[in-house]
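Visitor: Can you walk me through this one? I'll throw questions at you as I look.
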Amino acid sequence: MSSLYAQSDIEKEVIAQFQQDFNAQNYAAIFEKFSPEAKKAIPLNMFEKVSKDLQQQLGKIQSLKYIESKGKETAVYKANFEKDRLKLSMSLNNDQQISGLLFTPYIESTAANNKTVNAIQGYPKAIAEKIYQATRTFPEQTQVAIAVLDQDKTHYYGVQKHKDKILAKANQDKVFAIGSLTKVMTSTILAELVTQNKIKLDDKINPYYAFPFKDNIQISFQDLANHTSGLPRLPSNLEVDDDTDDTDDTDDTDDTDDTDDTDDTDPYKEYHAAKLEEYLKNSLELEDANNSGKVPHYSNLAVALLGQSLSQSQNKDFAELLNEYVFKKYGMKNSYTSPDQAAKQLVPAFDAQGKEITTWTFDTFLPAGGVLSTASDLTRFAQAQLDAKNAAVQLTQQATTEKAGSYQLGLGWFVREQENGTKIIWHGGNTAGHSAILMIDLNKKKAVTILANVAAVHPEMGNIEKLAAQLLQE
């Protein structure tokens with residue numbers, strides 16, 4: 001793949017030293033090269049654990065082959081381990097410190113030899129070209145549903161790839177799994193209950209459980225909503241390849257203990273309340289006990305526990321809370337909590353090669369990633385975010401953490417406040433075969449929703465977020 005930037009001598013030096021230190025298990029030396037922001041985002045003990053587990057699973061790095069540069073700061077490499085290969089993205093700041101480090105599955109790109117034709121008709125030419133460039137390498141029959149809300153007007157730009165052509169398709173009412181975008185809805189329920197004085201953000205969740213947490217660990221509702229609880233990404237009694245969820249900008253590797261009955265094709269389906277209780281009573285641990293509630297460490301477990309705690313506090317099923325405070329309130333008539341409910345509206349899930357796979361179902365982890373929705377419904381949800389009189393949504397948009405890189409966390413939302421006063425909120429979501437993003441410019445009162453039935457591990461999946469950013473700037 002061609003690039004405007006080439007690998008610099010500094011990058012060559014840093015990546016060579018990284019390989020040497022990683023293979024020697026000298027993780028502290030790598031950590032010392034992190035920027036101050038990166039050190040806050042992932043503490044040394046967490047980085048050492050993730051790195052050690054990765055090396056135990058895959059062995060040493062045999063080679064790091066430069067692939068491309070993304071902008072001036074990030075270089076992408078093919079990392080060949082003894083047992084597998086991954087894609088490594090490493091970012092350096094102006095002081096040559098490591099400001100970003102991300103391992104993801106490696107899949108060969110087909111962009112260079114792609115012959116897909118732009119056959120989009122009926123959309124503005126410039127927008128059609130942006131959509132074509134972002135989607136042309138996706139598998140056959142991939143659908144992408146796009147909604148652009150600008151003030152009070154909504155424009156839909158759906159497409160589908162068919163016989164090596166990108167064609168316009170009216171799919172704004174088709175259902176896609178939205179993955180971790182669900183987390184914003186869970187935090188919206190929290191905010192509704194807070195504004196109704198039913199609970200407080202700093203209330204501990206512990207009194208809502210009939211058993212003590214291991215080591216009497218105390219956790220608040222806010223700590224769960226803004227990812228500052230210190231909980232790990234997943235509980236140790238759940239095994240899932242969490243590389244499909246890329247909403248965390250700091251660390252996308254994960255390790256979990258083996259379980260006997262996890263279905264790899266639908267990994268969250270059998271994780272019921274009894275397993276969560278077992279974990280909380282016997283295995284609960286905080287990865288950064290000294291975080292003091294300020295630096296976000298992204299955790300699916302935290303938001304699953306948040307949803308269960310909200311349910312416990314109101315004596316209602318979480319799906320009932322979701323229906324009452326989100327779906328019904330904002331007129332989201334085609335949003336669901338299981339694939340079966342969506343029936344024929346559901347767009348099938350595809351893996352990175354275009355093979356149809358199972359659409360995930362959720363039980364206890366529903367609050368963290370189980371909602372299915374449409375571009376039109378999510379536009380209604382986005383419209384609500386622009387309502388200055390809606391106290392609950394305004395509460396979710398307020399930054400509650402220190403910066404992690406260029407962003408902070410509100411309640412659910414990633415928040416970026418720029419020097420010119422622009423405030424952007426967003427959240428993405430990925431399952432094994434669906435991807436989603438909702439990005440909102442609060443100053444311009446503009447929102448972009450993109451849903452796709454393509455796996456997060458597809459090598460060009462980053463095009464979806466880039467496209468959302470481009471359309472937001474239009």
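Visitor: Asn-315 first. Buried or exposed?
Guide: Exposed, going by the predicted model. The relative accessibility of Asn-315 is 72%, and the cut-off for exposed is over 50%, so Asn-315 counts as exposed.
Visitor: Where does Asn-315 sit?
Guide: In the loop between α9 and α10, the latter being residues 318-327.
Visitor: What about phi of Asn-315?
Guide: Positive, about 55°, although Asn-315 is not a glycine.
Visitor: Now Asn-216. What is its phi?
Guide: Near 55°, a positive value, and Asn-216 is a residue other than glycine. Asn-216 lies in the loop between α6 (182-195) and α7 (221-225).
Visitor: And is Asn-216 buried or exposed?
Guide: Exposed, at 53% relative accessibility.
Visitor: Switch to Asn-171. Buried or exposed?
Guide: Buried. Its relative accessible area is 1%, and buried means under 20%, so Asn-171 qualifies.
Visitor: Which strands flank Asn-171?
Guide: Asn-171 lies in the loop between β9 (165-168) and β10 (176-177).
Visitor: What does Asn-171 touch, beyond its sequence neighbours?
Guide: Setting aside residues within four places in sequence, Asn-171 is in contact with Gln-143, Val-144, Ala-145, Gly-158, Val-159 and Phe-176.
Visitor: How far is Gln-143 from Asn-171?
Guide: The C-alpha atoms of the two are 8.1 Å apart in space. In sequence, 28 residues separate Asn-171 and Gln-143.
Visitor: Next, Asp-150. Where is it?
Guide: In strand β6, residues 143-150. Asp-150 is partly exposed, with a relative accessible area of 32%.
Visitor: Which residues contact Asp-150?
Guide: Lys-444, Lys-445 and Lys-446, leaving aside neighbours within four places in sequence. Asp-441 is worth a look too: its C-alpha is 9.8 Å from that of Asp-150, though the two positions lie 291 residues apart along the chain.
Visitor: Speaking of charges, how many positive and negative side chains are there?
Guide: The chain has 49 positive and 66 negative side chains. The centres of the two sets lie 7 Å apart.
Visitor: Let's go inside. How many residues are in the largest nonpolar core?
Guide: 72 residues. Met-185 and Phe-365 have the most contacts inside that core. Helix α9 (residues 300-314) gives the most to this core, with seven residues.
Visitor: Who surrounds Phe-365?
Guide: Apart from neighbours within four places in sequence, its contacts include Leu-234, Pro-235, Leu-238, Tyr-268 and Tyr-271. Asn-300, Leu-301, Ala-304 and Gly-370 are also in contact with Phe-365.
Visitor: What other core is there?
Guide: One of 34 residues, lying apart from the core around Phe-365. Among its members are Ala-134, Val-148, Ala-404 and Val-448.
Visitor: Why would such side chains cluster at all?
Guide: In soluble globular proteins, nonpolar side chains tend to be buried together.
Visitor: Zoom out. How many helices and strands?
Guide: 15 helices and 18 strands in the chain.
Visitor: What does the radius of gyration say?
Guide: The chain has 21 Å. A compact globule of 474 residues would be near 23 Å, so the value agrees.
Visitor: What box do the C-alpha atoms fill?
Guide: Roughly 55 × 55 × 50 Å, along the principal axes.
Visitor: And how much of the chain is buried?
Guide: 58% of the 474 residues. The accessible surface comes to about 20,300 Å², with 44% of that belonging to carbon and sulfur atoms.
Visitor: What share of contacts is long-range in sequence?
Guide: Of the contacts with a separation of 6 or more, 64% join residues 24 or more positions apart.

Notes
Residues numbered from 1 in each chain as written. Predicted model: local features only at pLDDT ≥ 70, side-chain atom pairs only at ≥ 80, totals over all residues. Heavy atoms only, no water. Helix = DSSP H or I, 4+ residues; strand = E, 2+ residues; numbered from the N terminus. Rg over C-alpha atoms; globule rule 2.2 N^0.38 Å. Buried < 20%, exposed > 50% of the residue type's maximum accessible area, 1.4 Å probe, protein only. Contact = heavy atoms within 4.5 Å. Areas by Shrake-Rupley, 256 points an atom, 1.4 Å probe, with all protein chains shown as cover. Lys, Arg positive; Asp, Glu negative; His and termini not counted. Charge placed at Lys NZ, Arg CZ, Asp CG, Glu CD. Core = buried A, V, L, I, M, F, W, Y, C linked by side-chain atoms within 4.5 Å.
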